[in-house]
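Please find below a colleague's note on the structure, set out as numbered points.

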Amino acid sequence: MSLRSTLAVTAAVLSLALPVAASAADLKVAYVDLQRVLLEVDDGKAAKQRLQKWLEARQKEIDGEQETLRKEKELLDKQASAMSEATRTQKATELQKKVMELAQKYERSRAEAANKERQEMEPIISRIDQVIATIAERDGLGFVLDKRDSGIVFALGQYDISNEVVRSYNNGKKAAPVAKDAPVKK
C-alpha cells in the first residue's frame with residue numbers, strides 16, 4: 001500500500017471516528033441506588049412497615065400453632081406407655097399430619113408474603129421510574145444506571161442521583177395535581 005493510500009484510509013477512519021468520539025463526550029450518565037431509594041421514599045417506608053406488621057402477625061400465628069404441636073407431642077410421649085400400640089400409632093400419625101399441615105401453611109405464608117411485597121412495591125417502583133425519567137429528561141442524561149445491577153464497580157458520587165430521586169418522589173406526593181374540572185377556591 002502506498003503512502004498516499006495509507007493517508008487516505010487514515011483520514012477516512014479519523015473522519016468517521018471523530019464525530020462518534022465527540023458524541024460520546026457529550027453523553028451524560030448518572031446512576032441511582034434503587035434499593036436505597038425504595039427504602040427511603042415515604043411510600044416505601046410505609047409499605048415496609050405494613051409488610052413487617054403483616055409478617056409479624058403471621059409468624060406469631062405459626063409460632064402459636066408450633067407451640068401447641070410441641071405440647072401435644074410431649075403429652076403423647078408421656079402417655080405413650082399407657083396406650084395400646086394401635087392408639088399410639090394413630091396419635092403419632094395424627095400429630096405428624098398436623099406438623100405437615102403447619103409446614104405447608106408456613107410455605108403458603110412465605111409465598112403470600114412475596115406476592116404481597118410485590119403488590120405493595122410495584123406501584124412505588126413504577127413511580128420511582130417516572131421520577132428518574134423526569135430527572136433524566138430535565139438534565140439531558142443519556143443513561144441512568146442502577147448502582148447494584150449495572151455492574152458499576154466505581155463511580156464518583158457526583159453522578160449519584162439517588163438523593164434527588166427521593167426528594168422529588170416525596171415532594172411530588174405532597175403536591176398532587178388538581179383535577180381539570182375540580183372547582184377552584186377563590
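The points that follow take up the overall fold, one helix and one surface patch.

1. The model is predicted, and the remarks here should be read accordingly. Its chain holds five helices and two strands. Read from the N terminus, the elements follow the order α-β-α-α-α-β-α.

2. Of the 186 residues in the chain, 20% are buried. The chain exposes about 14000 Å², and 57% of that area is supplied by carbon and sulfur atoms.

3. On contacts within the chain, the count considered is of those between residues at least 6 apart in sequence, and 87% of these join residues at least 24 apart.

4. Helix α3 covers residues 42-79, which is 38 residues. How far apart are its end C-alpha atoms, and does that distance agree or disagree with the expected span? The end C-alpha atoms of α3 are 56 Å apart. At 1.5 Å a residue the helix should span 56 Å, so the two values agree.

5. Which residues of α3 are buried? They are D43, G44, A47, L51, W54, I62, L69 and L76.

6. L27, V29, F143 and L145 make a nonpolar surface patch of about 320 Å². One of these residues, V29, belongs to strand β1, which comprises residues 29-32. The relative accessibility of V29 is 34%. Because buried means under 20% and exposed means over 50%, V29 counts as partly exposed.

Conventions
Residues are numbered from 1 along each chain as its sequence is written. This is a predicted model: local features need pLDDT of at least 70, side-chain atom pairs count only at pLDDT 80 or more; totals for chains, interfaces and linings use all residues. Side-chain values use heavy atoms; hydrogens and water are left out. Helices (H or I, at least four residues) and strands (E, at least two) are DSSP runs, numbered from the N terminus. Buried means under 20% relative accessible area, exposed over 50%, partly exposed in between (1.4 Å probe, protein chains only). Contact means heavy atoms within 4.5 Å. Accessible areas come from the Shrake-Rupley method with a 1.4 Å probe; for residues, only the protein chains shown count as cover. The expected span of a helix is 1.5 Å times one less than its number of residues. Patches are made of residues with over 30% relative accessible area and no salt bridge: like charges are joined within 9 Å, nonpolar side chains (Val, Leu, Ile, Met, Phe, Trp, Tyr) within 5 Å. A salt bridge is a side-chain nitrogen of Lys or Arg within 4 Å of a carboxyl oxygen of Asp or Glu.
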